[in-house]
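User: I would like a close look at a single part of this model, taken slowly and with its surroundings kept in view. Please treat it as one connected account.

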Amino acid sequence: MSVVSYELVGDIGVIRLNNPPVNALSHALRIGVQDAVSKAQDDSSLALVLICEGRTFIAGADISEFGKAPMMPSLPELLIDIESSKKPIIAAIHGTALGGGLETALACHYRCALPSAQVGLPEVKLGLLPGAGGTQRVPRLVGVKAALDLITSGTPIAASKALSIGLIDKVVDGDLLSGALEFAKEVIEQGATLKKISDLEVEKQGDSPEFFSELFAEWRITLSKRYRGQEAPQRIVDCIEAAVNKPFNEGLKIERELFMECMQSSQSAALRHLFFAERMSSKVNGLPKDTQLKDIKRVGIIGGGTMGGGIAMNFVNVGIPVTLLEINDEALQRGKDIIAKNYAITVSKGKLSAELADERQGMITGTTDYNELANMDLVIEAVFENLDIKKQVFKKLDAVCKQGAILATNTSYQDVDLIAQATSRPQDVIGLHFFSPANVMKLLEIVRGEHTSDQVLATSMAVAKSIKKVPALSRVCYGFIGNRMLRPYVRESQLCLLEGSTPQAIDSVMQRFGMAMGPLAVSDLAGIDIGYKAREGLSDEQKGDIRTYCIADALYEMGRLGQKTGAGFYQYDPNTRQRIPDPKVLEVIEEQAEKRGVERKDILDHTILQRLTFALINEGFKILEEGIAQRPSDIDVVYVFGYGFPAYRGGPMFYADTIGLETVYKTICEFSKTYGEEFWQPAALLKQLVEEGKTLTQWANE
Ligand code: 3H9
């Protein structure tokens, strides 16, 4: 079936697009629209309506065509044809008109939309800028300030807002086609004028050129902070500046050049990779498509600490009531207070009304009695990170929960299979590993036990989507994907400290690389006691080489537990919580180095970066060769959405391909000689791919 059809409805030609799932502007669609517009020029129609079938208006250019040989007509060419039509074209929008989709609507002469529709230019999130006239038409239509807001945020706006700023002409209730035909008739009655945005001038309201250069300079600074290290937001400002200062066609040329520059950048390649990685990560290889999902209507959560409370918020936020279990009333109240505080923060930021916050908290019932969990469809355990305690909890759950309930553990490290063994129904047990703060962080690691059933797994994936998380599947191993990879990363940060570096030097290298925070600042935030307590239960062999944790232990013993005690790897200003380098920490490091016989020398920033990132990558390869992760892109999802890895580098595994697997492999072999085989053993899969001359992406696509 053709992706574009054309028919005459009375005096009006209707161009219908039907390219599931989201009417992306594929080559076939572009040709189809071009043909239809051309055909309509010579028939009896007086105006045209461009409308989409399916769940949405055009969601943008077809991202899967990017980076491949261009196929004519390009979108900008098609949009020139649309705007040059002799007959007015009315875009009829439902769902989302995004990116090239909105640009198509802007090339039309009028736009109407359903009240539920949204419009936006999300290209910045793909490391791009609107490349089909968006940066030139939007400021001409709605002014510079609104254009900067819309295009640099990438956030879609509702039809009502679009109407109020003049981005669309009409909101139509009821049936969209009828409304659009009605609107077309009005246009015909008024003389069928062709409202071309390219004919407009940007509204300057008498402001001087100096005013605009200052405005753009300010935006560049703001965006350099909001999008640290990213190119596309800056290029967007360049384009909008061109819209102010240059005629339409010249602005269009500048936009095209800068769009192509962004398109060819490694940043955009990484962000596009992540776009698909995020959608892929909810797909489980080998899981039958028709696996029946369980209905999740009530959720029980055990443990009302920061984690349990945050998890509860995710469910009530989407209307699923929660029963929160704690050991006594006092602990329960503490948990409820944490939740109330979190909601108060959201309300104070204006992101939620006080009424809604109250309503959501009203959906959380507290209890100290396990029997109250009998009718839950899903129970998530979020108690202290100790295997025996978790097993006891699961034994109790097994005794009280109804048959078929999903029993989930939020453990970060423990063996999900051992936990499942504490029940008589290991097929219903799964790991749902949330990240702190659980009401904010997007990642949900889903840990599949040896006996977890397909139904429980498929339902967990669906639950993740319903609570707006990005799921990533892991098999059972110590620390699963994320925390397992964190170990060698943290190990290298500690060894770099011992061998000559400082917390501020290491953190600043990693922050310049784009990490949300450096490893030592993270350690202070999480609490130095966490690692210390986790090590307490381990044998010397399990703990590993003392050089990898002696500094952290020394700080712990001094009572420097991180931000919560005002000092850790740094000192913290009690009022501003600002990090301050602390000479006492350097003394501790030097003492430990002497004690361990390590001679301290300067370490190059480049070496710090390689040691930390290659440690992550090498462990990632091991995780792949053991089948712990299904695919490299899932690991990228874990690191970007759970560990602050820069999205514009695509995640550690995509980054490995960017720098070249041979470079990674050879450097790791060098590290093995310099720093010791006990720390550096190149993963077998890495070695294999280098020998075969393949990239990781090629291997994943085989
Ligand atoms: C652009 O337009 C550049 C122009 O300015 C200039 C050009 C010259 N292309 O998200 P979902 C697939 S840049 C190809 O799960 P939802 C997606 O991979 C583009 N494929 O659904 C998935 O595939 P699968 C600017 C696309 O209902 C399926 O559709 N536009 C595209 O949760 C369903 O997607 C954007 O950045 C695409 N453009 O959300 C918008 N979009 O089923 C990107 C989706 O195999 N899209 N797919 O996994 C979105 O934000 C969401 O998909 C949308 C629907 C909100 C539309």
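In what order do the eight strands of the open sheet run, and is the pairing parallel, antiparallel or mixed?

Analyst: This is a predicted model, and the description that follows should be read in that light. The open sheet is built from eight strands in the order 12-11-10-13-14-15-16-17, and its pairing is mixed. At its edges lie strand 12 (364–367) and strand 17 (470–475), each of which pairs on one side only, while the twist from one strand to the next averages 25°. In general, strands of a sheet pair through backbone hydrogen bonds, in either the parallel or the antiparallel sense.

At the strand 12 edge, the neighbour is strand 11 (residues 322–325), and the two strands pair in the parallel sense over four bridges. Within that pairing, Val322 has Ile364 of strand 12 as its bridge partner.

Further along the order, strand 15 (429–434) and strand 16 (443–448) are joined by a loop that holds Pro437. The peptide bond between Ser436 and Pro437 in this loop is cis, with omega at about -10°.

The UniProt record, an unreviewed entry, places the feature "domain: 3-hydroxyacyl-CoA dehydrogenase NAD binding" at residues 299–472. Over residues 299–472 the chain is 41% helix and 20% strand, and the C-alpha atoms at the two ends are 21 Å apart.

Some backbone details elsewhere in the chain can be set beside those of the sheet. A cis peptide bond also joins Met72 and Pro73, where omega is about -5°, and Pro73 lies in the loop between strand 3 (47–52) and helix 2 (75–83). Two residues other than glycine deserve a look for their positive phi: Ala192, with phi near 45°, and Arg577, with phi of about 60°. Ala192 is found in the loop between helix 7 (176–189) and helix 8, and it counts as partly exposed because it has 14 C-beta neighbours inside 10 Å. Arg577, in the loop between strand 18 (571–572) and strand 19 (579–580), is exposed, since 10 other C-beta atoms lie within 10 Å, and a residue counts as exposed at 12 or fewer.

Notes. Residues numbered from 1 in each chain as written. Predicted model: local features only at pLDDT ≥ 70, side-chain atom pairs only at ≥ 80, totals over all residues. UniProt positions renumbered as here; feature names shortened; annotations may be inferred. Pairing = 2+ DSSP bridges. Axes fitted to C-alpha atoms, helices over the stretch in contact; angles between N-to-C directions. Buried ≥ 20, exposed ≤ 12 C-beta atoms within 10 Å, placed from the backbone.
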